[in-house]
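Me: I would like to go through this model piece by piece. Short questions, short answers, please.

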Amino acid sequence: MLYPKDLRENEYIRMIALKRNKDGKVISSVVDFVNNFDDYKAFIEKYRYTYDVYNQLATNKGKESGNAKSQRLRRVLFLDFDMKDYPGFKDAKDFTSMIREKIPKLYLHACINSGHGFHFYVSVKANVSDFRDVVAVNKDLVSFLGADSKASSTTQIDRPPCTYNHKLEDGTYDYENRENWSFVTVVINSYGVGNQFKSLDLPYIKKLIKYRKEEKDTKEALEKIEWQYEKLNEYPCYLCVRKILNEGIEIGQRNFWHGRIVKLLQMEGYQESKIYSICQGWNDKCRPPKSQKEIEDDTKRFLAEDYKLLGCYESIEDKVKRKFVEDQCDKIYCGTYHNGAKVSIEESNPAKIDKRVLNNKNLQTMTGNEYLIITLLDVYDNSFGRRGFRVKNLKNLLYSSIQKKPCINDRLLKKVLMHLNGQNWI
């Protein structure tokens, strides 16, 4: 299904074998180019036990590289779903049902269990001239179905069946203990079965995606309801970001809110693949949405760089951006506002932790209250704007909304702070 039975002159299948250390960093790699099944099989059998083996989805022009310019022929659309991103799903049937619910007429020709997720393939009628069109349609399909957006690149590779995935559930790699490996297996393979098999036309798939997008947009417009605060937990954090994530935003504010959304999702421990998917879904709600490539590039940039885009509007010095957040703010329901992630009105000097205390043997001799305050300072030190972390901010963080009282009374708090100051720890 991936490759023609007979490759042309100077046309090859690019094979890759990667070995990683325990933390996932590549420490050894092997690249080879084959043009027949025997050599393809031999490469897999040689490296599958000691490396993670991949093949390029498209055939390659020559043996020089596997970059975008060297791609020759691609005959499938590729979808990659990670089980971690769909905690309620159990097997391939769940993903198949989701795909068919979103695009009922999209035929899935094959499915591979990759070890920690599932790869789906749609066979398409493709020739050399429409290679870029195949990639473009693949990206649209990935975005609409919520698959891993990083697995729709021009130079995409995948794991062939009968290889091993050496990545463990905790994200580490093990090439020593075979009982821990996951075998890459075929779940569905209807390619070439019977006389009724046929590859799909790209224009047909484009129409399917376009029709379902329009239907989805119409349904959402008719069913859109006002953001319901009461459905959230008591005092949820960053309510303004969650509101924009639900409703989208107009041109002029998209970049600002995109950055805040990425940082919130990062802070909450989302996998990067899931963040890409959520941002694509959010982009569809914006007015107007950006292109898929633009939203992918911006998401990558926000993930990589240390943007300071969280905090309440009172901590934002830029008047325009401050107004963006203030317009969406609801102090009554927002836990971030109540917990003091804003500039304090107090005029006293701000407290700042001496980072040396975190490596100091005295850290082990602290009382529970001292350790708590040092921890809060370390975590929230950069969350209170240019005027810094104040006593009032600390008292807000120490207040229990459940017990309706502070966990340290004012008299004891003053004593603890004086001691920490006397030790030059703050």
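Me: Which residue stands opposite Val-53 in strand 3?

Reply: This is a predicted model, where local features need pLDDT of at least 70, side-chain atom pairs count only at pLDDT 80 or more, and totals for chains, interfaces and linings use all residues. Residues are numbered from 1 along each chain as its sequence is written, and side-chain values use heavy atoms, with hydrogens and water left out. Strand 1 (residues 11–20) and strand 3 run antiparallel, joined by four bridges; strands (E, at least two residues) and helices (H or I, at least four) are DSSP runs, numbered from the N terminus. The residue opposite Val-53 is Ala-17.

Me: In strand 8, what is the bridge partner of Gln-56?

Reply: Strand 3 is joined to strand 8 (residues 157–158) by two bridges, and these strands run antiparallel. Two strands count as paired if DSSP finds at least two bridges between them. The partner of Gln-56 is Ile-157.

Me: How many residues of strand 3 are buried?

Reply: Buried means under 20% relative accessible area, exposed over 50%, and partly exposed in between (1.4 Å probe, protein chains only). Asp-52, Tyr-54 and Gln-56 point one way, Val-53 and Asn-55 the other, and all are buried. For strand 3 (residues 52–56), the count is five of five.

Me: Which helix gives the most to the largest nonpolar core?

Reply: A nonpolar core is a set of buried Ala, Val, Leu, Ile, Met, Phe, Trp, Tyr and Cys residues joined through side-chain atoms within 4.5 Å. The largest has 28 residues, and Leu-77, Leu-79 and Phe-81 are among those with the most contacts inside it. Strand 5 (76–82), helix 2 (92–102), strand 7 (117–123), helix 3 (131–145) and helix 4 (202–223) each supply at least two residues. With six residues, the top contributor is helix 3.

Me: Which are the edge strands of the open sheet with the order 5-7-6-11?

Reply: This sheet has four strands with antiparallel pairing. Strand 6 (residues 110–113) pairs with strand 11 over four bridges, and Ile-112 stands opposite Val-186 in strand 11. An edge strand pairs on one side only; here they are strand 5 and strand 11 (185–189).

Me: What angle does the direction of helix 2 make with that of strand 7?

Reply: Axes are lines fitted to C-alpha atoms, for helices over the stretch in contact (heavy atoms within 4.5 Å). Angles run from 0 to 180 degrees between N-to-C directions. Helix 2 packs on the sheet, touching strand 5, strand 6, strand 7 and strand 11, and its angle with strand 7 is about 45°.

Me: Within what arc do the buried residues of helix 11 fall?

Reply: The buried residues are Glu-370, Ile-373, Ile-374, Leu-376 and Leu-377. They pack against helix 12 (391–397) and helix 13 (410–422). The arc is that of the directions from the helix axis to the C-beta atoms. These residues line one face, because seen down the axis they fall within 160°.

Me: Where does Pro-288 lie?

Reply: A cis peptide bond joins Arg-287 and Pro-288, with omega about -5°. Pro-288 lies in the loop between helix 7 (272–285) and helix 8 (292–304).

Me: What is the relative accessible area of Cys-162?

Reply: Cys-162 is found in the loop between strand 8 and strand 9 (164–165). Its phi is near 75°, a positive value in a residue other than glycine. Cys-162 is partly exposed, at 41%.
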